[in-house]
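Thanks, everyone; I would like to take a few minutes to walk through one structure, going from its sheet to a helix that packs on it and then to the core. Please keep the view on the screen open while I talk.

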Amino acid sequence: QKRSVEQTSWGITTRSLGIMIMVHGDDKGLVLPPRVAPTQVVVIPIPAAKADPGEIESRCDALAAELSAAGVRVEVDKRNNYTPGWKYNWWEMKGVPIRIEVGPKDIAKGTCRVARRFDGVKQDCDQSNISSFVVAELDRIHDDMLEKATRERDEGIAKVTEWYQVMPLLNQRKLILAPWCESPESEAKIKAATKEASTAEFMQASTEEGAAPALTGAMKSLCIPLDQPPMEPGTKCFFTGQPAKRWCLF
């Protein structure tokens, strides 16, 4: 007996890359999580007019070698046709998590300046402790990025129980978490109703000077979260009024 193939697609490649760029990126460019960044650290020599550039670059190479031995993916930018400021901007656009700056004063003090791409925080570090400091800092950046992304995701979810609450929240670019009866018929009607409402609001907004752009799409179910909020006995579907089965994210 012939049957249709059962298959699914998790979109783990291009979709994951797109989400990473959208969630973490900023106006300066990419902001890459340390664990997936091809280059985790870039070391930038800062030459001075009266200093030996070879000495600075040699020290940068030594720091990079120490970091590499600790398992850090590191590059040294020795290009002499660009200024340090230009290099800062270049590597910020590429989203490298940590930038290390080494100049004559840093060599004299035995320190280096460490800058985080994620939030721009800068701090000085003893060169003798560079590997342990950077490894720990990469972990801290990972944790801070995850905390920020999780907080912003949670702030973008609105919990509703009534249909009239939906469109105003959609127009605020919120995700909708609602009790749902899970019937295919209701999902089709939800799509049609929100499409109709958003089209009407778009037409009205287009005639109002200075009005915010209105949505033009239809709301659809995204997933039924594994971590379900408590549901009181007798809870009704936010759309049909029938008994709700679970909370669904739209």
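Before I describe the sheet, let me fix one term: two strands count as paired here if DSSP finds at least two bridges between them. What we are looking at is a predicted model, and in this model five strands form an open sheet, in the order 2-1-3-4-5, with mixed pairing. Strand 2, residues 74-76, and strand 5, residues 122-126, stand at the edges, and because each has a single partner strand, one side of each is left without a neighbour in the sheet. On average, and ignoring direction, neighbouring strands of this sheet are turned by 25 degrees against each other. If you look at strand 1 and strand 3, you will find that they run parallel and are joined by five bridges, and that Val43 stands opposite Ile100 of strand 3.

Now to helix 3, residues 84-93, which lies across strand 1, strand 2 and strand 3 and runs at about 170 degrees to strand 1. Which residues of helix 3 are buried? They are Lys87, Tyr88, Trp91 and Glu92, and because they cover an arc of only 135 degrees around the axis, they sit on the same side of helix 3. These buried residues pack against strand 1, strand 2 and strand 3. Just after helix 3 comes Gly95, which takes a positive phi of about 80 degrees.

Let me turn to the core. In soluble globular proteins, nonpolar side chains tend to be buried together. Here the largest nonpolar core has 20 residues, and those with the most contacts inside it are Val41, Ile98, Ile100, Val102, Val114, Ile130 and Val134. Strand 1, helix 2, strand 3, strand 4 and helix 5 each supply at least two residues of this core, and the largest share, six residues, comes from helix 5. Apart from this core lies another, of 16 residues, among them Ala158, Leu170, Ile176 and Ile190. Leaving aside residues up to four places away in sequence, Val41 touches a list of residues including Leu67, Val72, Ile98, Ile100 and Val134.

I will finish on helix 5, residues 130-155, where we find Ser131. Is Ser131 buried or exposed? With a relative accessible area of 18%, Ser131 is buried, since the cut-off for buried is under 20%. Again not counting residues up to four places away in sequence, Ser131 touches Glu66, Leu67 and Ala70.

Key: Residues are numbered from 1 along each chain as its sequence is written. This is a predicted model: local features need pLDDT of at least 70, side-chain atom pairs count only at pLDDT 80 or more; totals for chains, interfaces and linings use all residues. Side-chain values use heavy atoms; hydrogens and water are left out. Helices (H or I, at least four residues) and strands (E, at least two) are DSSP runs, numbered from the N terminus. Buried means under 20% relative accessible area, exposed over 50%, partly exposed in between (1.4 Å probe, protein chains only). Contact means heavy atoms within 4.5 Å. A nonpolar core is a set of buried Ala, Val, Leu, Ile, Met, Phe, Trp, Tyr and Cys residues joined through side-chain atoms within 4.5 Å. Axes are lines fitted to C-alpha atoms, for helices over the stretch in contact, and angles run from 0 to 180 degrees between N-to-C directions. The arc is that of the directions from the helix axis to the C-beta atoms.
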